[in-house]
Amino acid sequence: MNVLQKVTTLNELWDARSILPEPVGLVPTMGFLHEGHLSLVKRACEEVASVVVSIFINPTQFAPTDDLEAYPRNLERDAALLQESGATLLWTPTPEIIYPPDFQTWVDVEEITKPLEGAKRPGHFRGVTTVVTKLFNAVQPQKAYFGQKDAHQVAVICQMVRDLNMPIEIVTNPIIRERDGLAMSSRNTYLNPEERRAALVLSKSLAAAQSTYEKGERDATTLRRIMEKIINTEPLARLEYVSCADYDTLEEMSIISKKALISMAVYLGKTRLIDNVVLE
Ligand code: AMP
């Protein structure tokens with residue numbers, strides 16, 4: 001079994017990167033790893049010769065009111081999990097390495113960042129696309145792995161890669177869920193036992209909409225109402241949005257006539273959770 005190499009500075013990364021067997025895959029994360037992250041690492045291990053994992057809690061994708069300081073961290077445990085999963089190289093840059101004091105260049109993707117997560121989290125995707133560009137430039141992978149859990153993020157990254165001719169293949173992996181259906185997320189650790197139970201409304205409402213769709217319903221408003229109704233039955237849940245959108249453009253649909261994304265953001269107490277299902 002290979003030993004996981006750990007680097008922090010750009011020079012350390014470049015030295016290590018220059019002798020990695022090709023092709024190289026990158027799995028960008030914010031750490032506090034769970035089976036969702038590890039599914040990306042394992043997939044990468046099957047597809048590329050070297051798997052680089054970055055752990056960086058990117059301050060520019062958090063709003064001032066977000067949970068940046070509280071975001072869970074456990075680097076030692078993460079490194080042990082990555083070693084077990086077969087990753088080759090772990091890069092943990094500091095905020096100063098990614099954003100030196102004179103930093104002034106941003107990557108901004110336009111239309112596709114406007115609805116859904118972009119509408120609720122102004123500036124979020126600008127932070128994501130900027131950091132992902134920096135990670136891509138630093139690591140120069142042939143492939144990069146992202147989870148369908150953050151469906152809007154995947155759509156934005158794919159748009160950016162196309163628009164900027166980045167020579168990187170974006171690979172997307174399905175959502176990994178707990179046994180009871182809750183999508184795995186580092187933020188699930190914030191939930192108290194009552195909120196954890198109540199959090200099942202996300203996957204339940206998506207499942208109800210999906211099964212209604214599979215029975216032949218094609219009216220998007222009906223599916224949105226079904227999801228809203230189930231979420232509103234849970235007193236601990238506060239709905240931020242539900243959506244039934246065109247999978248490619250993320251524009252809201254009225255009639256579902258092609259591949260669609262049903263998605264939502266729901267607060268349980270102070271914790272904001274997202275989830276989604278693709279309707280093929
Ligand atoms: P994060 O650390 O939250 O930035 O996530 C890093 C990567 O893991 C992103 O591409 C996420 O979409 C992906 N990811 C997070 N949770 C899951 C999950 N439950 N299933 C699949 N992928 C996930």
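Select leucine 26 and alanine 144: leucine 26 stands opposite alanine 144 in E5. The model on screen is predicted. Widen the selection to strand E2, residues 24-29, together with E5; the two pair in the parallel sense over two bridges.

Keep E5, residues 143-147, in view and colour the strand by accessibility. Five of its five residues are buried, and the strand is mostly covered. Now show the side chains. Lys143, Tyr145 and Gly147 point one way from E5, while Ala144 and Phe146 point the other way.

From the other neighbour of this strand, add E6. E5 and E6 run parallel and are joined by five bridges. To find one of these pairings, pick lysine 143, whose bridge partner in E6 is glutamate 169. Then trace the backbone out of E5: the chain passes through helix H7, residues 151-163, before it reaches E6. This β-α-β crossover is right-handed.

Next, display the whole sheet. It is an open sheet of six strands with parallel pairing, and the order is E1-E4-E3-E2-E5-E6. Which strands stand at the edges? They are strand E1 (5-7) and strand E6 (169-173). Each has a single partner strand, so one side of each is left without a neighbour in the sheet. Neighbouring strands of the sheet are turned by 25° against each other on average, direction ignored.

Move along the sheet to strand E3 (residues 50-55) and strand E4 (residues 89-91). These run parallel and are joined by three bridges. Label valine 52 and leucine 89 here, since valine 52 stands opposite leucine 89 in E4. Add helix H3 to the selection. H3 packs on the sheet and touches E1, E3 and E4; the direction of H3 makes about 165° with that of E3.

Stay with H3, residues 75-85, and bring in helix H2, residues 35-47. Two packed helices are described by the angle between their axes and the distance between the axes. For H2 and H3 the angle is about 30° and the axes are 10 Å apart. The crossing of H2 and H3 is right-handed. Which residues make the contact? On the H2 side, select Leu38, Val41, Lys42 and Cys45; on the H3 side, select Leu81, Leu82 and Ser85. Coloured by type, the residues of this contact divide into five nonpolar, one polar and one charged.

Go now to helix H1, residues 10-18, and pick arginine 17, which is found there. Is this arginine buried or exposed? Arginine 17 has a relative accessible area of 11%, and the cut-off for buried is under 20%, so arginine 17 counts as buried. To see what lies around arginine 17, leave aside its neighbours within four places in sequence; the contacts are then Glu22, Val24, Val139, Gln140 and Gln142.

Leave this region and select E7, E8 and E9. Strands of a sheet pair through backbone hydrogen bonds, either parallel or antiparallel. These three strands form an open sheet in the order E7-E8-E9, with antiparallel pairing. Strand E7 (237-246) and strand E9 (271-279) are the edge strands, each pairing on one side only. The twist from one strand to the next averages 15°.

Zoom in on strand E8 (residues 260-268) and E9. Nine bridges hold this antiparallel pair. Label valine 266, which stands opposite leucine 273 in E9. Then add helix H9, residues 200-214: this helix packs on the sheet and touches E7, E8 and E9. The direction of H9 makes about 20° with that of E9.

For the last stop, pick alanine 207, whose place is in helix H9. Alanine 207 has 40% relative accessibility and counts as partly exposed. Draw a distance from its C-alpha to that of aspartate 248. The viewer should show 21 Å between these C-alpha atoms, for two residues that are 41 residues apart in sequence.

Terms used
Residues numbered from 1 in each chain as written. Predicted model: local features only at pLDDT ≥ 70, side-chain atom pairs only at ≥ 80, totals over all residues. Heavy atoms only, no water. Axes fitted to C-alpha atoms, helices over the stretch in contact; angles between N-to-C directions. Helix = DSSP H or I, 4+ residues; strand = E, 2+ residues; numbered from the N terminus. Left-handed = near helix turned anticlockwise from the far one by under 90°. Contact = heavy atoms within 4.5 Å. Nonpolar A, V, L, I, M, F, W, Y, C, P; charged D, E, K, R; others polar. Pairing = 2+ DSSP bridges. Buried < 20%, exposed > 50% of the residue type's maximum accessible area, 1.4 Å probe, protein only. Right-handed = clockwise from strand over helix to strand, strands pointing away.
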